[in-house]
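User: Here's a chain I'd like to understand a bit better at the bench. Could you pick a single part, look at it closely, and then tell me how it fits in with the rest?

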Amino acid sequence: MNSKTIITVVVIILIILIGGFLFVQANSHNTKVDVTSNSTLKNGDAVQIVLTDEYRNVYPGESVQIKILDESGWANYYDVVTDDSGEGSVVLSTFENGNYTIHTNYNGTLFNKPYHGVDALVIDDGYSDYDY
């Protein structure tokens, strides 16, 4: 092979790679993890989330990481897999009263962009009467 052939092959490969990258970027959807539960909960209540894209399509069977962080920096980590409705939940137990933040993380896929969100949560006195 001469140098012109090698350069031509390299240029063609680069064009294909750049075209593939641009195709994926142009067809990637923004995603969002919404915390749908109330911002004030009790132990026994569930933090509920739903994973959607910018067109409100839900994503079943996807893994979402939830971190519940207290004011002193202690964190509780949960991995949730969304159901057929794109929803997931974590039941709260043994949390002290106080202010918390809920950090949600979705790593995305080839055509779904990652999402990182933060929401406020207050744990109030008592235990929930709700049976999940």
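Analyst:
**From a loop to a pocket**

Asn38 sits in the loop that links β1 (31–35) to β2 (40–43). Before going on, keep in mind that this is a predicted model. Is Asn38 buried or exposed? With a relative accessible area of 57%, Asn38 counts as exposed, because the cut-off for that class is over 50%. The C-alpha atom of Asn38 lies 8.7 Å from that of Gln48, with the two positions 10 residues apart along the chain.

Now for the whole chain. The protein chain has 1 helix and 8 strands, and if you walk from the N terminus the order is α-β-β-β-β-β-β-β-β. The helix is α1 (residues 3–26), and Thr8 is part of helix α1. Thr8 comes out as partly exposed, at 43% relative accessible area. Try pairing Thr8 with Asp125: they are 117 residues apart along the chain, and their C-alpha atoms are separated by 71 Å.

That distance goes with the overall dimensions. The C-alpha trace of the protein chain spans about 80 × 30 × 20 Å along its principal axes. Its radius of gyration is 21 Å, while a compact globule of 132 residues would come in near 14 Å. As for burial, 28% of the 132 residues of the protein chain count as buried. If you take the contacts between residues at least 6 apart in sequence, 58% of them join residues at least 24 apart.

Back to the strands, and to β7 in particular. Thr104 belongs to strand β7 (residues 98–106). Thr104 is buried, because its relative accessibility is 2% and the cut-off is under 20%. What does Thr104 touch, leaving out residues up to four places away in sequence? The list is Val33, Val35, Ile49, Gln65, Ile66, Tyr115, His116 and Gly117.

Strand β7 also matters for the part I'd zoom in on, the largest pocket. The largest pocket has a volume of about 180 Å³. It is lined by 14 residues, and the ones closest to its centre are Asp70, Asn76, Phe95, Glu96 and Tyr100. Which elements give two or more residues to that lining? They are β4 (63–70), β5 (75–81) and β7. Of these, β7 gives the most, with 3 residues. Sorted by class, the lining of the largest pocket has 6 polar, 5 nonpolar and 3 charged residues.

Two of those central residues deserve another look, Phe95 and Tyr100. A pair of aromatic rings is described by how far apart the centres are and by the angle of the planes. Counting ring centres within 6.5 Å as paired, the model has 1 aromatic pair. That pair is Phe95 with Tyr100: the ring centres are 5.5 Å apart and the planes stand at 80°, so the arrangement is edge-to-face. Why edge-to-face? Because the 80° between the planes of Phe95 and Tyr100 is over 60 degrees, the cut-off for that class. Both partners are buried too: Phe95 has a relative accessible area of 8%, and Tyr100 is at 8% relative accessibility.

So when you rotate the model, start at exposed Asn38, move on to buried Thr104, and finish at the edge-to-face rings of Phe95 and Tyr100.

Conventions:
Residues numbered from 1 in each chain as written. Predicted model: local features only at pLDDT ≥ 70, side-chain atom pairs only at ≥ 80, totals over all residues. Heavy atoms only, no water. Phe/Tyr/Trp six-rings, centres within 6.5 Å; stacked < 30°, edge-to-face > 60°. Buried < 20%, exposed > 50% of the residue type's maximum accessible area, 1.4 Å probe, protein only. Helix = DSSP H or I, 4+ residues; strand = E, 2+ residues; numbered from the N terminus. Contact = heavy atoms within 4.5 Å. 1 Å grid on protein atoms, 1.4 Å probe; cavity = no way out; pocket = protein on both sides within 12 Å on 5 of 7 lines; lining within 4 Å. Points joined across faces, edges and corners; volume = space filled by probe spheres on them. Nonpolar A, V, L, I, M, F, W, Y, C, P; charged D, E, K, R; others polar. Rg over C-alpha atoms; globule rule 2.2 N^0.38 Å.
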